[in-house]
Amino acid sequence: MFLHNFKYEILHSLRVKDLIFWLILFPIVLGAFFKIAFSGIYEKTEKFSTVPIAVVESTEDKIFHSVMDSIEQSDDPLFKVTYTDEEKAMDMLKKQKVLGIIRIDGKEKSLSVSGEGIEQTIIKSFLEQYAVQEQIITDTVMTDPQNVETVVSALNSEVSSTENIPLTEGDPDPYVSYFYNLIAMVALFGSVTGLHIAMENQANLHPLGARKNCSPTPKFVSLTASLLGSFVVQAVCVIVSVSYIAFVLKIDFGSRLPLVYVSGILGGILGVSMGFMVGSFGSMKEGAKSAICMSVSMLCCFFSGLMVGNMKALVAEKAPWFNEINPAALISDTFYCLEIYSGYDRYIEKNITMAIISVIFIIIGFLLTRRKKYASL
Amino acid sequence: MEKTVVKIENLVKRYKELIALDHFSLEIKEGEIFGLLGPNGSGKTTTINCLLSLLSFDKGTVEIFGEKMTPVNYRIKKDIGVIMQNVAVFDEMTVYENIDYFCGLYITDKKVRKQYVDDAVKFVGLEDFLKFYPKKLSGGLLRRLNIACGIAHKPKLIILDEPTVAVDPQSRNKILEGIQELNKNGATIIYTSHYMEEIEQICTRIAIMDKGKKIAEGTTDQLKKMVKNTETETIEILDIPEAVMEEIRDLPHVYNASHDGNDLVISCSGGKHNLIRILQVLQKNELSFGRVYTTLPTLNDVFLEITGTELRDKED
């Protein structure tokens, strides 16, 4: 009887159109949307390439020269500098080989750019900052020469304060985090399956529940088989979604892709369990419970930052405990752990938390549906 | 001696202030088609749900096949087939899969189950619809699928709770014939309905319910004997003098006569040759008449006699 129920639960779930939409089609569509919508911004803002500029020196400025050299020699150079004459520089600017020309004439520095954009703004900002700092030092030399060292040191500390200080092995990528949250959402949509299982096994909530309760199959067997069947279906859906994101959309999950699958599947189990528990509460009609379930899922996703990027950080600041029990946050946290930390301690801890919460949800669901006779049907 | 299949004693079920079942008792013997007749809200479905241990009740006992019925008495449940009022099938599974699924909750042996499912499909005449999904079936075919899901495991006791609601006449007849066939094959049937014609057509014994109480029980003939009005004669006649009306009212066994429009309606209580005597009066007075027909009492008359209201009135 167990295998019979298990087999038919899988068959049934794979044919529920709503489920297939939310668990497979929706993430495919939303994933593609994310890719189209955010990849452009991502490339322009987060991963801009080195800005090519031309420098035309009427008079030699050794300090500026050395500053530009040090910028060019850094690991992630801001500028690629070509020293040339005015005519060639203008020609390069017209042909878009460079995006700006810095002219040095004595103490004067002027700028020509080819248009408007982030790169042009960067060149302009750099030149302005350089001019300000140069002026401060020059003024100090003129007015208060004994304090030059202090001023230079202060300017350096200003620069160092804007440096990235790596606290972890990697940096959380806001672009990839959208896809993590998407996987978390797919996992949580499994709550709809869990909800159906709870409903369809209770005589007072569904005609199928009444029919099943009349059969000689114990409710525990029927529920367990259905839950396991839905875990399998949920796992398949998560695998499809993660594979689509990783291999079709080519989102880089790093070298730990198999662990992304593991967490996704565990998240799916958490989602099903949550739906099972919600479905077991009270005697509301299916529509009302579905609405509650979807709302809870969406709310969890909202607080985990799916809709507003910095929401999760805000929750972490105001109510950190909520992130520890929010299923969506837990699922996406496991992915962050994979991305950020070199070790597996935090990752394992998050997965264990998910497993514990799933077990609690299932136990509550079983306790609520264990009733053998109903007061009303 | 016939075995008792179902025994309900003093069943009381309350929903807060409302008494849904009021000391209801019943005994059903093996091989019967037992009808539970009553208007909507009379307690038929509540009785069935208590019988199946789906509903808790305040007082009373329920025994099936001589054993106390409990939610975990799986041995009894194995021999019961239930067809509920609401169609309970999976929309995402085909006709065959649905029957196979529900049969599988009772029968574990795959070979036996396949045979049983095939028999059930044949029995309800859904051979041409095996790969259809329930949504593609008409109301009548859907009801037949619902029945097949409930009887595929060849139960000894079959409970049908208003299985013909919203079913076309052709499918209704097919369903009723099927129920009689199941009974011939050895199953005891409990059939609830508020359609008295159906109950009268197929049931060997009937209990009439109203307001959670059993108000009458017996065979159709036994119940009809409880009614004063044993036959109603209707004669088409344009006009009739009052003196003739009085003469008819004075005939033996006639207890009421009225002329309504073009119809002379005479209610008789017992006796034989009532119609002949009435027609003789009309001939003697040289009154011409048209169609003549006799109506025998229905279960509605029984209900009317006992409760003072009509079964049909209550349905509204």
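**Close-up views of a two-chain predicted model**

**View 1. Where chain B meets chain A.** In this predicted model, 24 residues of chain A are in contact with 27 residues of chain B. On the chain B side, helix 2 (74-77), strand 6 (80-83) and helix 3 (95-104) each contribute at least two residues that touch chain A. Helix 3 of chain B has the largest share, with 3 residues. Sorted by class, this side of chain B holds 18 nonpolar, 6 polar and 3 charged residues.

**View 2. The largest nonpolar core.** Here we look into a core of 82 residues. Which residues have the most contacts inside it? They are Ile99(B), Ala120(B), Ala148(B), Ala152(B), Ile189(B) and Tyr191(B). Helix 5 of chain B (residues 139-151) gives the most to this core, namely 6 residues. Take Ala120(B) as a starting point: beyond its neighbours within four places in sequence, Ala120(B) is in contact with Ile99(B), Ala148(B), Ile151(B) and Ala152(B). Another core, of 57 residues, lies apart from this one and includes Phe179(A), Val242(A), Phe335(A) and Tyr336(A).

**View 3. Chain B and its two domains.** Domain 1 of chain B covers 4-219, and domain 2 covers 231-296. How far apart do the C-alpha centres of these two domains lie? The distance is 44 Å. The C-alpha atoms of the whole chain fill a box of roughly 75 × 45 × 40 Å along the principal axes. Chain B contains 12 helices and 14 strands, and 40% of its 316 residues count as buried. Among its contacts between residues at least 6 apart in sequence, 68% join residues at least 24 apart.

**View 4. Helix 1 of chain A and its buried face.** This helix runs through residues 2-15. Its 14 residues, at 1.5 Å each, should span 20 Å, and the end C-alpha atoms are indeed 20 Å apart. The buried residues here are His4(A), Asn5(A), Tyr8(A), Glu9(A), His12(A) and Ser13(A). Looking down the axis of helix 1 of chain A, you would find these buried residues within an arc of 145°, so they line one face of the helix. The general rule behind such a pattern is friendly to remember: an α-helix has 3.6 residues a turn, so residues three or four places apart point the same way.

**View 5. Helix 3 of chain A, out in the open.** Now turn to residues 62-73 of chain A, which form helix 3. For its 12 residues the expected span is 16 Å, in agreement with the 16 Å between its end C-alpha atoms. Is helix 3 of chain A largely buried or in the open? Of its 12 residues, the number buried is 1, so helix 3 of chain A lies largely in the open.

Key. Residues numbered from 1 in each chain as written. Chains lettered and ligands numbered in written order. Predicted model: local features only at pLDDT ≥ 70, side-chain atom pairs only at ≥ 80, totals over all residues. Core = buried A, V, L, I, M, F, W, Y, C linked by C-beta atoms within 7 Å. Buried ≥ 20, exposed ≤ 12 C-beta atoms within 10 Å, placed from the backbone. Helix = DSSP H or I, 4+ residues; strand = E, 2+ residues; numbered from the N terminus. Contact = placed C-beta atoms within 7 Å. Domains from an automatic or database assignment. Nonpolar A, V, L, I, M, F, W, Y, C, P; charged D, E, K, R; others polar. Expected span 1.5 Å × (residues − 1). Arc of directions from axis to C-beta.
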